[in-house]
Amino acid sequence: MTVYKFKTPISEEDARKLKVNDVLYVTGTIVTARDQAHKRALDFFKQGKPLPIDLTGLAVFHCGPVVSKDGDKWTAIAAGPTTSTRMDIFEDEFIKNFKVRVIIGKGGMGKKTTDAMAKHGAVYGAFTGGAAILAARAIKKVRGVEWLDLGTPEALWIFEVEEFGPLAVAIDSHGNNIFMDVQKKVEENKQKIYQKLGLTP
Amino acid sequence: MEKAKIVETVAFNILKQAVIYLPEDVKQALEKAYAEETSETGKTQLKAILDNIELAEKHQAPVCQDTGTIIFYVKAGAEAEGLDKIEEALVNATRRATKEVPLRPNAVDPFTGKNSGDNTGRNIPYVNWEIVDGEDVELTVMTKGGGSENVCIGGMLVPGEGIKGLKKFVVDAVIKAGAKPCPPNILGIAIGGGADISMKLAKKALMKPLNEPNSDPEIAKLEKEIFEAANMTGIGPMGLGGKTTVLGVHIDYAYRHPASFPAAVAFNCWAARRASARIHANGTVEYLTHKLKW
């Protein structure tokens with residue numbers, strides 16, 4: 001386990017240094033995107049329209065924050081991760097088209113995303129689900145918000161962060177995926193549990 | 001103060017308490033899990049959870065950004081006055097809490113996808129009513145996040161398989177849910193009644209304190225057995241592996257139709273938020289789960 005501290009924009013070379021079980025802290029710009037924002041971003045790409053912010057080398061955060069507005073100034077009050085598996089249907093295209101280097105979320109992602117990360121050089125950093133204040137404390141500034149018409153949870157929030165983490169590198173760019181490994185072990189354990197409870201599969 | 005105004009203030013207060021402060025029994029269970037977890041990654045997750053709980057209290061901010069769908073349980077004394085004004089007061093309290101705590105607006109029109117922006121909409125906040133003796137009104141709020149809600153499951157089991165069928169149903173549900181409901185989780189399980197009744201009872205069971213096993217020793221034994229089985233899965237904190245997958249299991253039931261065996265499993269995340277208060281007929285208020293801290 002090695003601890004890395006990266007500043008955005010992160011290069012492909014740096015992203016490829018990370019291995020599963022490493023710990024990562026990100027400083028710089030992270031952008032939130034959930035289901036609707038992923039969908040719209042990919043639609044924009046198809047139509048050849050630029051995104052409101054260039055995501056190259058940045059970290060994308062699966063998060064719908066609690067925010068408050070004082071005059072023109074937004075503050076992130078609570079900003080933990082949302083379940084990433086919902087974004088599995090978009091993420092391979094997203095990584096390929098927008099060249100993001102870190103996906104931050106909770107719950108892990110599947111084979112398609114793992115393959116895309118290996119191919120294009122990106123990692124998945126698991127942030128503790130529900131640890132919303134830990135996350136919010138690392139957000140130094142809300143730089144902007146786009147696509148607010150999607151509602152505050154689904155909008156693109158652009159955060160300036162300092163040592164955002166700890167992120168457990170759970171999928172690296174070498175085809176490793178902790179969540180898939182745990183799933184395999186759980187399947188093995190399932191047989192033991194069935195046996196203990198006197199159940200037939 | 002008029003009754004509706006008291007209800008509104010109390011509902012606002014318990015909403016604020018619930019989203020900022022976890023109940024003591026949940027905190028204790030998480031501390032115990034942290035002390036006992038052997039997986040290194042699992043331990044780091046539990047540490048982040050405990051740090052986050054402390055920070056939320058210190059900064060008076062919601063413990064999780066997903067402040068959930070807001071559900072109230074009202075135990076209304078049959079002799080209490082102003083019951084017809086309670087639902088309106090709960091809606092007003094929800095709007096105020098959304099703005100002032102603040103809460104994340106989580107009420108979306110399922111047809112248009114439009115967010116109402118204030119956590120209210122058709123049937124939301126949802127109010128579960130129960131009529132009891134006396135003049136008091138007891139309000140409980142549960143704010144439950146989407147992650148744990150998305151893996152709740154109801155099923156119609158085979159009566160001939162009995163409780164064995166239930167055990168398999170629950171183990172399979174926990175394994176299928178995996179990392180998604182932010183483990184360690186609390187499981188509310190209910191059987192019988194009907195498809196709707198078992199799910200309602202399962203969800204309600206999530207509000208029982210973790211240190212209160214079922215008063216029926218046979219059911220308490222089953223709770224323990226399922227608790228141990230779920231923690232054998234190895235899913236662990238946040239699904240990153242470890243021996244803490246659930247913090248507790250509560251089981252409830254209703255009698256069933258001879259041909260039916262409805263079963264439901266409701267999941268709660270570690271941020272198991274709930275708060276209650278009792279309003280007496282003379283307008284005095286007793287906060288039952290949290291001491292007012294502001």
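# A tour of chains A and B

Helices H1(B) and H4(B) are oblique to each other, a word used when an angle is neither under 35 degrees (roughly parallel), nor over 145 (roughly antiparallel), nor 65 to 115 (roughly perpendicular). To see this, select helix H1 (residues 3-20) and helix H4 (residues 86-100) of chain B, which pack at an angle of about 45° with their axes 8 Å apart. Before going on, note that this is a predicted model, in which local features need pLDDT of at least 70 and side-chain atom pairs count only at pLDDT 80 or more, while totals for chains, interfaces and linings use all residues. Residues are numbered from 1 along each chain as its sequence is written, and chains are lettered from A and ligands numbered from 1 in the order in which they are written.

The helices (H or I, at least four residues) and strands (E, at least two) are DSSP runs numbered from the N terminus. Axes are lines fitted to C-alpha atoms, for helices over the stretch in contact, and angles run from 0 to 180 degrees between N-to-C directions.

## The helix pair in chain B

Stay with H1(B) and H4(B), whose crossing is right-handed (the near helix is turned clockwise from the far one by less than a right angle; anticlockwise would be left-handed). Now show the side chains at the contact, where residues count if their C-beta atoms, placed from the backbone, lie within 7 Å: H1(B) brings residues including B:Val7, B:Phe12 and B:Leu15, and H4(B) brings residues including B:Ile86, B:Leu90 and B:Arg96. The residues of this contact divide into 10 nonpolar, 1 polar and 4 charged, where Ala, Val, Leu, Ile, Met, Phe, Trp, Tyr, Cys and Pro count as nonpolar, Asp, Glu, Lys and Arg as charged, and the others, Gly among them, as polar.

## Two sheets in chain B

H1(B) also leads to a sheet, for it lies across strand E3 (137-144), strand E8 (273-279) and E9 of chain B, running at about 155° to E8(B). Select that open sheet of 5 strands in chain B, which has the order E2-E1-E3-E8-E9 and mixed pairing, two strands being paired if DSSP finds at least two bridges between them. At its edges stand strand E2 (126-132) and strand E9 (285-287) of chain B, each with a single partner strand, so one side of each is left without a neighbour in the sheet. From one strand to the next, the twist averages 15°. Look next at strand E1 (residues 69-77) of chain B, which pairs with E2(B) in the parallel sense over 7 bridges, and find B:Tyr73, whose bridge partner in E2(B) is B:Asn128.

Chain B also has an open sheet of 4 strands, with the order E4-E7-E5-E6 and mixed pairing. Its edge strands are strand E4 (153-157) and strand E6 (246-253) of chain B, each of which pairs on one side only. Follow E4(B) to strand E7 (residues 261-268) of chain B, with which E4(B) pairs in the antiparallel sense over 5 bridges; B:Ile153 has B:Val265 as its bridge partner in E7(B). Add H6(B), which packs on this sheet, touching E4, strand E5 (185-191) and E7 of chain B, in a direction that makes about 35° with that of E7(B).

## Where the chains meet

Show both chains together and select the contact, which takes 43 residues from chain B and 44 residues from chain A. On the side of chain B that touches chain A, helix H3 (40-59) and helix H6 (162-177) of chain B are the elements that give two or more residues, and H3(B) gives the most, with 10 residues. This side of chain B divides into 23 nonpolar, 14 polar and 6 charged residues.

## Chain A

In chain A, select strand E1 (residues 3-7) and strand E2 (residues 23-32), which run parallel and are joined by 5 bridges; the partner of A:Phe6 in E2(A) is A:Val26.

Move to helix H2 (residues 35-46) and helix H3 (residues 88-98) of chain A, which pack at an angle of about 50° with their axes 10 Å apart. That makes H2(A) oblique to H3(A). Among the residues in contact are A:Leu42 and A:Phe45 of H2(A) and A:Phe90 and A:Phe94 of H3(A).

Finish with H3(A) and helix H4 (residues 111-120) of chain A, whose axes come within 8 Å and cross at roughly 10°; H3(A) and H4(A) are therefore roughly parallel to each other. Their contact includes A:Glu91 and A:Ile95 of H3(A) and A:Ala116 and A:Met117 of H4(A), and its residues divide into 3 nonpolar, 2 polar and 6 charged.
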